[in-house]
Amino acid sequence: MSNRKYEAFYIVKPDLTDPEVQKIADKFKEIVEKNGGVVEKAAKWDKRKLAYEIAGLKEGNYVLMNFEAGPKVPSELNRLFGISDDVVRHTILKIEE
């Protein structure tokens, strides 16, 4: 099966330092690459105010990752985002060509 393009967007806790956020971003990037995917771009955005409060948090660190991978990678990422204590919210979108 051929690789598809995806965009993973996630918010990590606001109390983490920039190096800690970068470490988390690197971990998810590594997961994509270990599973045969290619990360085109992984960028940490600034800490921003959330549209609404989530679990008592009013802001979060936003991270965007564009990657190309087979269909198993997004489901594995989804699972790992879900069990990560540092990830507040996440979404993975398939990018249509």
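Buried means under 20% relative accessible area, exposed means over 50%, and partly exposed is what lies in between (1.4 Å probe, protein chains only). The model is predicted, so local features need pLDDT of at least 70 and side-chain atom pairs count only at pLDDT 80 or more, while totals for chains, interfaces and linings use all residues. Residues are numbered from 1 along each chain as its sequence is written, and side-chain values use heavy atoms, with hydrogens and water left out.

**Exercise 1. A salt bridge inside a helix**

Task: work out which helix holds Lys29 and Glu33, and how their side chains meet.

Solution:
- Step 1. Get the vocabulary straight: helices (H or I, at least four residues) and strands (E, at least two) are DSSP runs, numbered from the N terminus.
- Step 2. Place the pair. Both Lys29 and Glu33 sit in helix H1, four residues apart, or about one turn of the helix.
- Step 3. Recall the geometry. An α-helix has 3.6 residues a turn, so residues three or four places apart point the same way.
- Step 4. Check the side chains. They meet in a salt bridge at 4.0 Å, N to O; the term asks for a side-chain nitrogen of Lys or Arg within 4 Å of a carboxyl oxygen of Asp or Glu.
- Step 5. Add the exposure. Lys29 counts as partly exposed because its relative accessibility is 30%, and Glu33 gets that label at 39%.

**Exercise 2. The two sides of H1**

Task: find which residues of H1 are buried and what they pack against.

Solution:
- Step 1. Test the length. H1 covers residues 18-34, and at 1.5 Å a residue its 17 residues should span 24 Å; the end C-alpha atoms are 24 Å apart, which agrees. The expected span is 1.5 Å times one less than the number of residues.
- Step 2. List the buried set: Val21, Ile24, Ala25, Phe28, Ile31 and Val32.
- Step 3. Look down the axis of H1. The buried residues fall within an arc of 115°, so they line one face of the helix. That arc is taken over the directions from the helix axis to the C-beta atoms.
- Step 4. Turn to the face pointing away from the buried side, where you'll find the exposed residues Pro19, Lys23 and Lys34.
- Step 5. See what the buried residues pack against: E1, E2, E3, helix H2 (72-83) and strand E4 (87-95).
- Step 6. Walk off the end of the helix. Gly36 follows H1, and its phi is positive, near 85°.

**Exercise 3. Strand E3 and its partners**

Task: say which strands pair with E3 and which residues stand opposite Met65.

Solution:
- Step 1. Fix the rule: two strands pair if DSSP finds at least two bridges between them.
- Step 2. Take E1 (residues 4-12). Nine bridges join E1 to E3, and the two run antiparallel.
- Step 3. Take E2 (residues 38-54). E2 also pairs with E3 in the antiparallel sense, over 10 bridges.
- Step 4. Find Met65 in E3. Ala8 stands opposite Met65, and so does Ala42.
- Step 5. Follow the connection. E2 and E3 make a hairpin with two residues between them, and Ala55 in the turn has a positive phi of about 50°.

**Exercise 4. Asn66 and Tyr52**

Task: decide whether Asn66 is buried or exposed, then do likewise for Tyr52.

Solution:
- Step 1. Asn66 lies in strand E3 (residues 57-69) and counts as buried because its relative accessibility is 13%.
- Step 2. Beyond its neighbours within four places in sequence, Asn66 is in contact (heavy atoms within 4.5 Å) with Tyr6, Glu7, Val38, Val39, Glu40 and Lys41.
- Step 3. Tyr52, in strand E2, is exposed because its relative accessible area is 52%.
- Step 4. With neighbours within four places again set aside, Tyr52 is in contact with Leu57 and Arg89.

**Exercise 5. Salt bridges between strands**

Task: find how many salt bridges the structure holds and trace the one between Glu40 and Lys5.

Solution:
- Step 1. The count is seven.
- Step 2. In the Glu40–Lys5 salt bridge, the closest N and O atoms are 3.1 Å apart.
- Step 3. This pair links distant parts of the chain, with Glu40 in strand E2 and Lys5 in strand E1, 35 residues apart.
- Step 4. Glu40 is partly exposed at 45% relative accessibility, and Lys5 is partly exposed at 28%.
- Step 5. Now try Lys58 and Glu53, whose side chains meet in a salt bridge at 2.7 Å, N to O.
- Step 6. Zoom out: salt bridges that share partners join Lys5, Glu40 and Glu68 into one network.
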